[in-house]
Amino acid sequence: MRRSWALVFIGAIIEVLWVIGLKHSDSLLLWIGTIVGIGLSFLFAVLACLKLPVGTVYAVFTGLGTTGTVLVEMFVFGEPFQTLKIVLVLLLLTGVLGLKFVTKESDEKGVA
């Protein structure tokens, strides 16, 4: 089961990269990398869904991707720091972590 959560986290990290690529790609090579990133991130999410509940995987995947994208934009690309944005990201992370902790893990496919 830890492997499935690892797939979700790896997919979320790749999601951050391809979302950044959507904004900053300016050559064919970078666009190809962005498209490959989109495919890989969704592949990891789909593979995680084979063992984990789909709703939880989707919430964690998108929540971590959103959080990572906001933080990278602020700390790497100089997006203005906004306290309200940080509070909302923390609220989002609280919900994502809450979903992960209340999700029962099962070895059977499709059982929550």
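In which helix is Phe42 found? Phe42 is found in helix H2, and the legends below return to this residue after an overall view.

The model is predicted: local features require pLDDT of at least 70 and side-chain atom pairs count only at pLDDT 80 or more, while totals for chains, interfaces and linings use all residues. Residues are numbered from 1 along each chain as its sequence is written, and side-chain values rest on heavy atoms, with hydrogens and water left out.

**Figure 1. Overall view of the chain, which has four helices and zero strands.** Helices (H or I, at least four residues) and strands (E, at least two) are DSSP runs numbered from the N terminus. Along the sequence the pattern reads α-α-α-α. The C-alpha trace spans about 45 × 35 × 15 Å along its principal axes. Of the 112 residues, 33% count as buried; buried denotes under 20% relative accessible area, exposed over 50%, and partly exposed the range in between (1.4 Å probe, protein chains only). The accessible surface comes to about 7100 Å², and 73% of this area belongs to carbon and sulfur atoms; areas come from the Shrake-Rupley method with a 1.4 Å probe, and for residues only the protein chains shown count as cover. Among contacts (heavy atoms within 4.5 Å) between residues at least 6 apart in sequence, 68% join residues at least 24 apart.

**Figure 2. Spans annotated in UniProt as "transmembrane region".** The annotation, from an unreviewed entry, covers residues 5-22, 28-50, 57-77 and 83-102. UniProt positions are given in the numbering used here, feature names are shortened, and annotations may be inferred rather than shown by experiment. In the model, residues 28-50 are 96% helix and 0% strand, with end C-alpha atoms 34 Å apart. Residues 57-77 are 90% helix and 0% strand, and their end C-alpha atoms lie 28 Å apart.

**Figure 3. Helix H1 and its cover.** H1 has 23 residues and reaches 33 Å from its first C-alpha to its last, close to the 33 Å expected at 1.5 Å a residue; the expected span is 1.5 Å times one less than the number of residues. Buried residues of H1 include Leu7, Gly11, Ile14, Glu15, Trp18 and Gly21. The cover over the buried residues of H1 includes H2, H3 and helix H4 (83-102).

**Figure 4. The largest nonpolar core, a set of 13 residues.** A nonpolar core is a set of buried Ala, Val, Leu, Ile, Met, Phe, Trp, Tyr and Cys residues joined through side-chain atoms within 4.5 Å. Trp5, Val8, Ala48, Leu52, Val57 and Val60 touch the most other members. Helix H1 (2-24), helix H2 (28-49) and helix H3 (54-75) each supply at least two residues of this core, and the largest share, five residues, comes from H1. Leaving aside residues up to four places away in sequence, Val8 touches Ala48, Leu52, Val57, Val60 and Phe61.

**Figure 5. Ser4 and Trp5 at the start of the chain's H1 region, both placed in helix H1.** Ser4 counts as buried because its relative accessibility is 4%. Beyond residues up to four places away in sequence, Ser4 touches Ala48, Lys51 and Leu52. Trp5 is likewise buried, with a relative accessible area of 4%. Between Trp5 and Phe44, 39 residues apart in sequence, the C-alpha to C-alpha distance is 9.8 Å.

**Figure 6. Surroundings of Thr34, a residue of helix H2.** Thr34 is classed as buried because its relative accessible area is 4%. Its side chain makes a polar contact with the side chain of Ser25 (3.0 Å). Such a contact is a pair of N or O atoms within 3.5 Å; within protein, one must be able to donate a hydrogen and the other to accept it, and residues adjacent in sequence count only if both atoms are side-chain atoms. Apart from residues up to four places away in sequence, Thr34 touches Trp18, Gly21, Leu22 and Ser25.

**Figure 7. Leu30 and Phe42, two residues of helix H2.** Leu30 is partly exposed, at 43% relative accessibility. Its C-alpha atom is separated by 9.6 Å from that of Trp18, twelve residues apart along the chain. Not counting residues up to four places away in sequence, Leu30 touches His24 and Ser25. Phe42 is partly exposed, at 42% relative accessibility. The C-alpha atoms of Phe42 and Gly11, 31 residues apart along the chain, are separated by 6.8 Å. With residues up to four places away in sequence not counted, Phe42 touches Trp18 and Phe61.
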